[in-house]
Amino acid sequence: MKAVIVTPGRPRSGRLAEVPQPVPKPGEVLVRMREVGIDGTDAEILDGQYGEAPPGDGYLIIGHESLGRVETVTGGVEDLVPGDWVVAIVRRPDPVPCPNCAVGEWDMCLNGLYSERGIKGLHGFLAEYYVEQPRYLVKLPDELTSVGVLLEPLTIAEKALDQIERIQSRLVWQPDRAVVLGAGPVGLLAALALRLRELEVYVYDRAEPGLKSELVEAMGAHYIWAEKRRLDHKLADEIGPIDVIFEATGYSPLAFDAMDTVAPNGIVCLSGVSGGGRTVQVSADHLNLELVLGNRVVFGTVNANRRHFEAGVQHLSEIEARWPGLLSRIITTRLPMNRFAEALQRQPGNVKAVVEVFPLPAGVGQPV
Ligand code: BGC
Ligand code: ZN
């Protein structure tokens, strides 16, 4: 079968190749890939900075944001039938397992020995087919086919909001306002999830007003162009106390500005991966004092577990019902497999690029 593979550690080694098609063992499912989203982690893997091939293989099939259709099921599979639309969970528990992986919370793995499809030690989904156990597959209703590839990036926000709610159960908390840093796919999906919770939402991004600001306004949120204003307490003076700041740019200096901007009792959630080696000067005493005297929380979050995928399916449906067509507009580029590299090009009007492996049959999964 055709797959996009990389030699981990070797920059620009990404290529379309012919690889053996996986064969399902009893209890497993064969899935035919519909489309695969490309994100910053894929860019880092294709750039040779990240990624690990499965043991014994000299290459890694990339891709972890998937949407596919069950092709065949083997004996012992109960909840899935051919034709079902499915999204695969990315991370797998470590073999020890640590206490978190042991209870299905592999997103909280303690020992780092977890694997991730398309990223760390397991082949990914940018291929014509993959094989998986049903417990790592999440079923999607047919109506969500055109936007289902957004489920995995949404789960990053789902986990973050789940964590925020759990952490904030430390106090009486009635949040009114959230600022999302970054209007990329994760930022926009987080903003939508916060809007579903009826918060007043501001999205902060360096892109000049255009598609991103239109999407933000279409969900009833406000766009802040970073060029025009800094993230600091003057912003809070103007819009009101900011209870939640969700960082989704990976531009690490913003994390410190966020700590200095969030309201008393508020929470700063960091989800952006910053692979570089940037250093900045910070007002350590001032930030420490603000965190202490304001009971503020700063925390990091990565990945997601099955609960977040299931919550994400429900929220995709709610978003589609409340803002019809908005999710589809986040997918700005669809490319055939042999042009996967173009998904990495950052252009002002682009938000999410996906690689189409098998086009939709006419009339299937089209929004009604
Ligand atoms: C994926 C996560 C993964 C992370 C780090 C992200 O792009 O969405 O599931 O844990 O990369 O490897
Ligand atoms: Zn673990």
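Helices and strands are here runs assigned by DSSP, with at least four residues for a helix and at least two for a strand, and they are numbered from the N terminus. In this predicted model, Val282 accordingly has its place in the loop between strand β16 (267-270) and helix α8 (284-293). Val282 is partly exposed, because its relative accessible area of 37% lies between the limits of 20% and 50% that separate buried from exposed residues. Together with Phe256 and Val280, Val282 forms a nonpolar patch on the surface, and the accessible area of these residues together is about 210 Å².

Strand β5 (residues 65-73) runs antiparallel to strand β3 (residues 29-38), to which it is joined by eight bridges. Strand β5 is also joined to strand β6 (residues 85-88), again in an antiparallel arrangement, through two bridges. Gly68 takes part in both pairings, since it is the bridge partner of Met33 and is itself partnered by Val86 in β6.

The zinc ion (ligand 2) is coordinated by an OD atom of Asp94 and by the SG atoms of Cys98, Cys101 and Cys109, at 1.9 to 2.3 Å. The angles among the four donor atoms range from 98 to 122°, and the site is tetrahedral; along the sequence, the donor residues of this zinc ion follow the spacing D-x3-C-x2-C-x7-C. Of these donor residues, Asp94 is buried, because its relative accessible area is 3%, and Cys98 is likewise buried, with a value of 6%, where the cut-off for a buried residue is under 20%.

Definitions and conventions. Residues are numbered from 1 along each chain as its sequence is written. Chains are lettered from A and ligands numbered from 1 in the order in which they are written. This is a predicted model: local features need pLDDT of at least 70, side-chain atom pairs count only at pLDDT 80 or more; totals for chains, interfaces and linings use all residues. Side-chain values use heavy atoms; hydrogens and water are left out. Two strands pair if DSSP finds at least two bridges between them. Donors are N, O and S atoms within 2.8 Å of the metal (3.2 Å for Na, K and Ca); water is not among the atoms, so sites may look incomplete. Four donors count as tetrahedral if all angles lie between 85 and 135 degrees; four count as square planar and six as octahedral if opposite donors are over 155 degrees apart and all others between 65 and 115; anything else is irregular. Buried means under 20% relative accessible area, exposed over 50%, partly exposed in between (1.4 Å probe, protein chains only). Patches are made of residues with over 30% relative accessible area and no salt bridge: like charges are joined within 9 Å, nonpolar side chains (Val, Leu, Ile, Met, Phe, Trp, Tyr) within 5 Å. Accessible areas come from the Shrake-Rupley method with a 1.4 Å probe; for residues, only the protein chains shown count as cover. A salt bridge is a side-chain nitrogen of Lys or Arg within 4 Å of a carboxyl oxygen of Asp or Glu.
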